[in-house]
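Visitor: I should like to be guided through a structure, one question at a time. May we begin?

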Amino acid sequence: MYDHAETGNLTQLLQNIGIGLDEYLKFEHEDAQTRVAQWQKQLDIPLPQKGIGIEAMTNELVNHVIANGSSQINPGASAYITTGAVTAATLAMTASSVASPQRYLLTAFNFLEELSLEWLAEMLGIPNFKGVYSSGGSVANLVALGGAKQWAFEQIGHDAAADGINRQTCIYASAECHHTIQHSAGILGLGRNSVQIIECDAQGRMKPEMLENAILKNKEQGILPIAIVANLGTTNTGAIDPIMALGKIAQKHKIWYHIDGAYGLPGILDERLNNLYKGIELADSIIVDPHKWLGASVGVAATFVKDRDILLRAFTQEPADYLEGSVEQDDQASPKIEHSMDSFGIPYFDYGVELSSPCRGVVVWAMLKEIGVDGMRARIKRHNDMASYIANFAKNHPNLELLQEPTLSICCFRYSLTPLI
Ligand SMILES: *Cc1c(COP(=O)(O)O)cnc(C)c1O
């Protein structure tokens, strides 16, 4: 099964891939679409009955697949919210795919899963939160709102994870929220239409007074509130909702407070923006996508909650017969533990939707080991400075119209054929 072990030539093969990738990253090639007919002809073959072997496959990978990869990682490409992985992330992802394919079992990779979540929480100003990784902001929001749903129903004495829902519910989010909020509401059985859209101001920030009105109206109608969702950096413009004001409304009405910081939470590292992040400690759940602003390889997101036991009650997998008695469930101090396969370690699979899952903590660990918090901070500030530079540039350019003053590293502007000034 593990043919690396049999052939022992991983060094050579990875070197070939490395040479192909270094070549690709010079960006001396044209975009993949300019040669689409050629490479599709090469790749579009019937299901192979006989293999060509590892060396020939590697050559094809380098010459026809890598060579026609994405332009999103071009250093000049700044128009998309996910980027390419930094080198440390690539190395860590590759290493874990070989040495620890799963995040569970008592390996060093499993250890880094929790350690890196603690590092992230500390770096991002939420030191008392516990986390769980998932594949992206979509799933991270789903997990957080799954926790919110469980909590809200428990307040009325109902176990929604076990018995389903028995009430009409609503989630409050702004007109600028990411559509994964509606998506999550659909998956969680609350219904996409249960997301009540609250109006924003001209800067794309939720209006607290409109939220308060909506809450009072729903209360009269007996609708169960599941969560208030605040944006910490909208995907459209990087706007940040009034985090403190919304958090206080959530506290006053005893509603779960979720903050979607998929893109924007790392902005807290720029101390010039500290005021905008005041109140994040009021959150019950908050998400971040290391695969956006922190430069992780795609597939790394984290949900943070104050109380991880709520996720356990929302997402627990019932015990499986085939594992009966074979591993300790959660007690790493047990004297029976002598081997890395004697325990699953922290049961992350009970805190979210994935059982099999790659190790993601090692990616975050590797990035932070390489450049530290100082390096991350320098990068975040540089990106924010770039956005203000572009905003100023657009303001002074006859054919460019600045559409919104940037809050973070997103700058929205428009090109006009006829001069505007
Ligand atoms: C990107 C984004 C998401 C979705 O994250 P994925 O990693 O693409 O699944 C959710 N919320 C916000 C604010 C985002 O920017």
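**The ligand and its surroundings**

Guide: In this predicted model, the shell around the ligand is made up of 3 nonpolar, 9 polar and 3 charged residues.

Visitor: Which residues come nearest to the ligand?

Guide: The shell around the ligand has 15 residues. A residue enters this shell if one of its heavy atoms lies within 4 Å of the ligand. Those that come nearest are G137, S138, D260, D289 and K292.

Visitor: Which element gives the largest share of the shell around the ligand?

Guide: The shell draws 3 residues from one element, and this is the largest share. That element is a helix that covers residues 137-155. The name asked for is α7.

Visitor: How far is an oxygen atom of the ligand from an N or O atom in the side chain of S138?

Guide: A polar contact requires a pair of N or O atoms within 3.5 Å. Two side chains may be set beside S138: H291 has a polar side-chain atom 2.8 Å from an oxygen atom of the ligand, and for the side chain of K292 the distance from an N or O atom to a ligand oxygen is 3.0 Å. For S138, the distance is 2.5 Å.

Visitor: What percentage of the ligand's accessible area does the protein cover?

Guide: On its own, the ligand has 380 Å² of accessible area. The share of this area that the protein covers is 87%.

**Salt bridges**

Visitor: How many salt bridges are counted?

Guide: Side chains of opposite charge can pair when their charged atoms come close. The cut-off used here is 4 Å, between a side-chain nitrogen of Lys or Arg and a carboxyl oxygen of Asp or Glu. By this rule the number of salt bridges is 18.

Visitor: How many residues apart in sequence are the parts that E154 and R313 tie together?

Guide: The side chains of E154 and R313 form a salt bridge, with 2.7 Å from N to O. E154 belongs to helix α7 and R313 to helix α12 (residues 308-315), so the pair links parts of the chain that are distant in sequence by 159 residues.

Visitor: Is E212 buried or exposed?

Guide: E212 is joined to K252 by a salt bridge of 2.8 Å, N to O. E212 is in helix α10 (residues 208-220) and K252 in helix α11 (residues 243-252), so the pair ties together parts 40 residues apart in sequence. K252 is exposed, at 57% relative accessibility. The relative accessible area of E212 is 19%, and under 20% counts as buried, so E212 is buried.

Visitor: Which residues are joined into one network by salt bridges that share partners?

Guide: Here the salt bridges have partners in common, and they connect several residues into one network. Its members are E114, E118, K130 and R308.

**A nonpolar patch**

Visitor: Which helix gives the largest share of the nonpolar patch?

Guide: The surface patch has an area of about 470 Å² and consists of L43, I52, I54, M57, L61 and V65. One helix, made of residues 54-65, supplies 4 residues, the largest share. That helix is α4.

Visitor: What is the relative accessible area of I52?

Guide: I52 is placed in the loop between α3 (36-43) and α4. A residue counts as exposed at over 50%. I52 is exposed, and its relative accessible area is 56%.

Terms used
Residues are numbered from 1 along each chain as its sequence is written. This is a predicted model: local features need pLDDT of at least 70, side-chain atom pairs count only at pLDDT 80 or more; totals for chains, interfaces and linings use all residues. Side-chain values use heavy atoms; hydrogens and water are left out. Helices (H or I, at least four residues) and strands (E, at least two) are DSSP runs, numbered from the N terminus. Buried means under 20% relative accessible area, exposed over 50%, partly exposed in between (1.4 Å probe, protein chains only). A polar contact is a pair of N or O atoms within 3.5 Å; within protein, one must be able to donate a hydrogen and the other to accept it, and residues adjacent in sequence count only if both atoms are side-chain atoms. Accessible areas come from the Shrake-Rupley method with a 1.4 Å probe; for residues, only the protein chains shown count as cover. Ala, Val, Leu, Ile, Met, Phe, Trp, Tyr, Cys and Pro count as nonpolar, Asp, Glu, Lys and Arg as charged, and the others, Gly among them, as polar. Patches are made of residues with over 30% relative accessible area and no salt bridge: like charges are joined within 9 Å, nonpolar side chains (Val, Leu, Ile, Met, Phe, Trp, Tyr) within 5 Å.
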